[in-house]
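Q: I have a structure on the screen and would like to learn how to read its sheet and its internal cavities. Where do I start?
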Amino acid sequence: MARKQDRDSLRVDRVIDDYKLSIGDNGSDVQLGQGSKMNIAFGRGGSDVLTGGAMDDALWGGRGNDVLLGGNGMNHLDGGAGMDVLLGGAMDDTLRGGDDRDILNEGDGHGDVEGGKGDDILIGGRGADAFVVDRDSGSDIIYDFTPGPGMFDHLALRDIAPEELRFEETALGTRVSWNDGKSSVLLVGVEKSELAQNDFMFTDDRFVLQPAGPGADRLQAVSYAKNEGGDVSAPAVSGETNPSVAYSFDDFDVRYGSARDDVFQATDDRDVFFGLGGNDKLYGGAGEDHLEGGAGADVLDGGVGSDMLKGGDGADQLYGGAMADGLMGEAGNDLIYGGAGHDMIDGGTGNDRLNGGDGADAFVVRPDSGNDVIFGGFDAGPGAFDHIAFEDILPNQVKVQDQSNGVLVSWATDAGRGSILIEGIHVADMSQDDFMFSSVEGGGFVNNPAITYAGTELLFA
């Protein structure tokens, strides 16, 4: 592998297979995406403007006050250090701010929005969103939080105990604080009386907040802590192949494979690997990695850290590892293990086998998702936790039926038919919280009376 390139001299703008790769320098760069390619862009130093296009893009701002525009497609935007503006676009996006004051707007779709440690402004846009916070998230402002019964927008609370939460109604909305008031979110325009149990997801274990009436400023919770299967890693392989293209700079290691079977081992940096053709094996490490298999039957292992994994065409195996990951099987019959943490799992087209592992997970389905099976890591019942996230599917288009080996959730729309089988449970085990209709605010599943409404109660009524 080449040594680290000098940060002042490195500047890249080239097309590699289906990708347009752009790497900036210490100055202020404008990197415009190419609509017919998947744009992979690094701003590095300076105040940069990075744009995507119609495809699925990945943009990293780096140091400086950056503007990242994802465009259409399912995008991965990472602001890095500095005061950044991140705009997702029309589909499901993952937005991460960084340590400074950022503005994040997910746009349409079911997205993960995480401001980071600074005092951030968060906007989910149309569609159901998870606003991810932790102990040191700072004082954030959320401008379009849709509260109330029905699994939709929610706070995804990481490493925060339910008893820490404090609720204060202000002139602008409801302020929810924790860590002795050192961190908080202000839900603009939301009254305390509108908040419900399923507005709060505790990402590591399933807790359900208990109603306490209008005068309360704190709540107790019922614990449903359960071991969902822990972490599963890909089988280790020895050795590695030489990449066709490689750049190593700052805290990133970028590699592209070829038409052969490539093996890329994890580095001490943030690994950004693209297998391209062949049956590739890509391994990430302790950092926040981005791995894409491309064509072929690939194996992707994110390791520890919040990773983004995309299988591409072919029957792929994806292993998220510890912490919150985004896993997309894309085309083909894929095998996906989310691992521990709050994961977004999207099998894509094909008949996929999915395991969420420990932690709260969203299993994303669309009209053309095929016939998938969840064979582990789905904790059903009251409380915002594991759930099926329906995209472009309405409640009246869905049926839920007991089968001999689990619950079959099926749908029929003008755009396609499909199903997802959740093994090892019964319909009577499920609640409204297990179903999120991303395009219907407060959309509840109502056509099976065995599905309980427990977990959807208002907290301060």
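A: Start with the strand order of the sheet. In this predicted model, an open sheet of 10 strands runs β3-β5-β7-β9-β11-β13-β15-β19-β18-β17, and its pairing is mixed.

Q: Which strands are the edge strands?
A: An edge strand pairs on one side only. Here the edge strands are β3, residues 30–31, and β17, residues 166–169.

Q: In which sense do β15 and β19 pair?
A: Strand β15 (residues 139–142) is parallel to strand β19 (residues 183–188), and four bridges join the two. For one pair of residues to look at, take I142, which stands opposite L187 in β19.

Q: Now the cavities. How many of 30 Å³ or more are found in the whole structure?
A: Rolling a probe the size of a water molecule over the atoms shows where empty space is left. A search of the whole structure gives four cavities of 30 Å³ or more. The largest cavity holds about 160 Å³ of space.

Q: Which residues lie nearest the centre of the largest cavity?
A: They are D92, T94, M308, M328 and M344, part of a lining of 18 residues. Two or more lining residues come from each of β30 (308–310), β32 (326–328) and β34 (343–346). The most come from β32, which gives three residues.

Q: What is the lining of the largest cavity like by class?
A: The lining has six nonpolar residues, six polar residues and six charged residues.

How values were computed
Residues are numbered from 1 along each chain as its sequence is written. This is a predicted model: local features need pLDDT of at least 70, side-chain atom pairs count only at pLDDT 80 or more; totals for chains, interfaces and linings use all residues. Side-chain values use heavy atoms; hydrogens and water are left out. Two strands pair if DSSP finds at least two bridges between them. On a 1 Å grid over the protein atoms alone, a cavity is a set of points where a 1.4 Å probe fits but cannot get out, and a pocket is an open set with protein on both sides within 12 Å along at least five of seven lines; lining residues have an atom within 4 Å of a point. Grid points are joined across faces, edges and corners, and a volume is the space filled by probe spheres set on the points. Ala, Val, Leu, Ile, Met, Phe, Trp, Tyr, Cys and Pro count as nonpolar, Asp, Glu, Lys and Arg as charged, and the others, Gly among them, as polar.
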